[in-house]
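Colleague: I should like to go through the aromatic rings of this model. Please set each term against its definition.

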Amino acid sequence: MTRNQRKATDFMIDVGLVLFGLLMLAPLLMLVANAFKSPAEMVAWPPTFIPANPTLDNFRSVLGETPLLLWIWNSLSFAIMSTIAIVLTSSIAGYVIAKFPFRSINVVFALFLATAIVPFEVYMIPLYFQVKDLGMLNTNQGLLIGYLVMSFGIFLIRQNVLASIPDELIEAARIDGAGELWIYWHIVLPLLRGPLAALAVLAFFQAWTSFAWPMIVATRRAAYTIEVGLALFSTGYTVDLGKLSAASACVLVPSVVAFVILRRNFVQGVASTGMKE
Amino acid sequence: MASVEIRDLRKSFGPIETIHGVTIDVPDGEFVALVGPSGCGKSTILRLLAGLEEVTAGTISIGGRVINEVEPKHRDIAMVFQNYALYPHMTVAENMGFSMRLLKKSKEEIRREVGSAAEILGLTPYLGRYPKQLSGGQRQRVAMGRAIVRQPQVFLFDEPLSNLDAQLRVQMRAELKAIHNRLKVTTIYVTHDQVEAMTMADRIVVMKDGYVMQAGAPLDLYDQPANTFVARFVGSPSMNIFAADVSGGQVQFAGTDWCAAPADLAGAVQMGIRPEHFTIGEGGAVLAVENVDPTGSETLVQGQLGGVPATVLLRTRAAVRAGDLLPVAVRPELIHLFDAESGDTLPMNSEGL
Ligand SMILES: Nc1ncnc2c1ncn2[C@@H]1O[C@H](COP(=O)(O)OP(=O)(O)OP(=O)(O)O)[C@@H](O)[C@H]1O
Ligand SMILES: [Mg+2]
């Protein structure tokens, strides 16, 4: 292939990717656009991409009539706490399974993996009754109980520890006088930064977008997460597209911001899994 | 500084015993090399000393104190691993000051100690770098530095130079030796390279399959190997061992009398001759030369002696070619005799020869 031909091919690939990206983005952009439209323009045909008379009415009524900000707050605190819990449980469990090879540990690991096979929905209802008996319905703790551990996270960390933390590193620290917790905190955790960041992104969005569990645990309007709250817009007899769009647009913002912040970590963490030196 | 005593040490992994009763004494300040082929248990002994593995039977003492049950951090040792085990997320200075930081030493004190160790090792310009920004030799030095800063009673090294290229290995060998001469810390050094052991150690312990074959000063091992294994292992190129016969008070091989046999020895015997002890002479034995490697100052000749492969190292630039028939001889007092079955050295009555 000549240089020019290669350039042309690259250009075609770029064009294809840009078109594809726009296609993926279009529904989201449409959603944001809809949030600024009046009800009449919303149903007009052909649909407009840029609202003719942008209005903030939808936002005003959504924020006025529903506790949208409270729901976002509920989701946010739930997702953040779940992320912290999953990062901690996965890193401890993954590290112990990888580096403390007593015989029973493989059984434990197999059990962890087995939980990945059982869909959450299967044990959701028994878990619900436990949460109810504990009196934790409508609380953040109750929500968290279903999202403290992630078997994939344990697996991911175990593989990373095996691949990128040699035994000698931990042994050297032990000889130098470090305790086990110190080693975990000052050596294992820093070396797992990449995969943990990737795991954090996964865990955050898993909690942020969870629906069935918050739906049954949160029975009071004030305890809803944003997903549950949004769903209620369309469950009545009418669907108020304008309000739904405005609410959805509000929800998109934190997701997009979080992704932009964590994107580099995420890509690096997933791509470099086990590929260090 | 302290002496190290290992008494009848045994180690089993599950049902399999890999160290079968090893006894080693290391006097205070001595540099001892543990050598042996791969899998003979050198690393295992070091790990037992460091407390990274549990002792199955026997005792280990450092400075007179039995430390079988003592945790690694309280054994007052420093270990340098083959892969250096540097913390990738810490700078050279942080790596070196790691143990002091754990001892809650002041920042000022840590900086001073790290600084002086870096001075010794020529690492001062690299203190702010991360391990991945260093060459292999520099990483090796950082690992050394980490051990030095610890100021331990005992240094343990597990093949610290095996990841370096040949030239750097020779240089680091000298540096390590110089550091030992300066600090005089008791050192146990594991290697499978007998040249490294010969040049660096005050004493060498030769191991095989979890047993100590022989322990002694480098030249003693060379001059008086306890058995054929040590004889072959120590010295390069390794000793020729021939299956000989005793008859008429003489050790005979390839139709030639080589030396007087000790009294009351009869039948088969193994005869060991170092390649460098052969001389071109008027003796009866003839080497059928197959291969000649001139290295400049020396000539390495390989061939058949009495139908058995033999190596001869001539200290001169000899005009020998493949196909030649080379008459070779050895001074009788340089010949080693070993038991035909066990391979143990037979006492020689070398007086008067
Ligand atoms: N954790 C372990 N579990 C089971 N067997 C082991 C373990 N560690 C070592 N061994 C066995 O013990 C023996 C000695 O191993 P060791 O690592 O001490 O050898 P070495 O002399 O250091 O060899 P090398 O020169 O290759 O490093 C080997 O046969 C090895 O298979
Ligand atoms: Mg080893």
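Colleague: Which residues form one aromatic cluster?

Modeller: A:Phe78, A:Phe120, A:Tyr123, A:Tyr147 and A:Trp213 do so. The model is predicted, so local features need pLDDT of at least 70, side-chain atom pairs count only at pLDDT 80 or more, and totals for chains, interfaces and linings use all residues. Residues are numbered from 1 along each chain as its sequence is written, chains are lettered from A, and side-chain values use heavy atoms, without hydrogens and water.

Colleague: Why is the pair of B:Tyr87 and B:Phe98 called tilted?

Modeller: Rings of Phe, Tyr and Trp (its six-membered ring) pair if their centres lie within 6.5 Å; planes under 30 degrees apart count as stacked, over 60 as edge-to-face and the rest as tilted. The centres of B:Tyr87 and B:Phe98 are 4.5 Å apart and their planes stand at 45 degrees, so the pair is tilted.

Colleague: What makes B:Tyr87 count as buried?

Modeller: Its relative accessible area is 0%, and buried means under 20%, exposed over 50% and partly exposed in between (1.4 Å probe, protein chains only). B:Phe98 is likewise buried, at 0%.

Colleague: Why does A:Phe36 count as partly exposed?

Modeller: A:Phe36 has 29% relative accessibility and therefore counts as partly exposed. A:Phe59, at 15%, is buried.

Colleague: What places the charged end of B:Lys11 over the ring of B:Phe13?

Modeller: A charge sits over a ring if NZ of Lys or CZ of Arg is within 6 Å of the ring centre and within 35 degrees of the ring normal. The charged end of B:Lys11 lies 5.1 Å from the centre of the B:Phe13 ring. B:Arg274 lies over the face of B:Tyr222, at 4.1 Å from the ring centre.
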